[in-house]
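Here is a quick walk through one chain, written for someone who likes to check geometry against expectation. Have the viewer open as you read.

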Amino acid sequence: VASYVNAKGGTTTTTRSQYQQQLQNDFLTSCRKEAQYIGTGNFGDIFLEVIGSVLKSESEQFLGDHNSLWRVKGYAIRAHIQSVDLISSLSYAVDFTFVKKSVKA
């Protein structure tokens, strides 16, 4: 049992795991409040969807690097992302070429 300073500046006696759980709960609460605020802005829903997918991908890469033998899972995830980016770039190039040809015609 130890004493920790709480958010209001006072001290409280609690176990380390209770303190860590409270910190986690406070962090999640602040994240939800910020997401709700961002969601109310112009294009907020689109921004939240994009940033959420990016953060999810980054966390999968990080965990893949740290939780797999020889970091294989992290490399596999990055290879998948690069292949999706390549396919996406190629499809944009094909679309652009098609539009350019149809404009000339």
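How far apart are the end C-alpha atoms of α2, and what span should its 24 residues have? At 1.5 Å a residue, α2 should span 34 Å, and its end C-alpha atoms sit 33 Å apart, so the two agree. Keep in mind that this is a predicted model, with a mean pLDDT of 78 for the chain and 73% of the residues at 70 or more. Confidence varies by element: helix α1 (residues 16-39) has the highest mean pLDDT at 91, while strand β1 (residues 2-5) has the lowest at 57.

As for the overall layout, the chain has 3 helices and 2 strands, and from the N terminus they run β-β-α-α-α. Of the 105 residues, 9% are buried. Among contacts between residues at least 6 apart in sequence, just 3% join residues at least 24 apart. The chain exposes about 9,200 Å², and carbon and sulfur atoms supply 62% of that.

Back to α2, which covers residues 44-67. Its buried residues are Gly44, Ser57, Gln61, Gly64 and Asp65. Some of these sit three or four places apart, and here is the general rule to recall: an α-helix has 3.6 residues a turn, so residues three or four places apart point the same way. Gln61 is a good one to click on. Setting aside neighbours within four places in sequence, Gln61 contacts Gly74, Ile77, Arg78 and Ile81. Its relative accessibility is 12%, and because that is under 20%, Gln61 counts as buried.

Now for the nonpolar side of things. Phe43, Ile46, Phe47, Val50, Ile51, Val54 and Leu55 make a nonpolar surface patch of about 680 Å². One member, Phe47, belongs to helix α2 and counts as partly exposed at 43% relative accessibility. Another member, Phe43, lies in the loop between α1 and α2 and is exposed, with a relative accessible area of 63%.

Phe43 also has a backbone quirk: a positive phi of about 60°, although Phe43 is not a glycine. Most residues other than glycine have a negative phi.

Here are three residues side by side:

| Residue | Relative accessibility | Class |
|---|---|---|
| Gln61 | 12% | buried |
| Phe47 | 43% | partly exposed |
| Phe43 | 63% | exposed |

Methods
Residues numbered from 1 in each chain as written. Predicted model: local features only at pLDDT ≥ 70, side-chain atom pairs only at ≥ 80, totals over all residues. Heavy atoms only, no water. Helix = DSSP H or I, 4+ residues; strand = E, 2+ residues; numbered from the N terminus. Buried < 20%, exposed > 50% of the residue type's maximum accessible area, 1.4 Å probe, protein only. Contact = heavy atoms within 4.5 Å. Patch = residues over 30% accessible without salt bridge, like charges linked within 9 Å, V, L, I, M, F, W, Y side chains within 5 Å. Areas by Shrake-Rupley, 256 points an atom, 1.4 Å probe, with all protein chains shown as cover. Salt bridge = Lys/Arg side-chain N within 4 Å of Asp/Glu carboxyl O. pLDDT = per-residue confidence, 0-100. Expected span 1.5 Å × (residues − 1).
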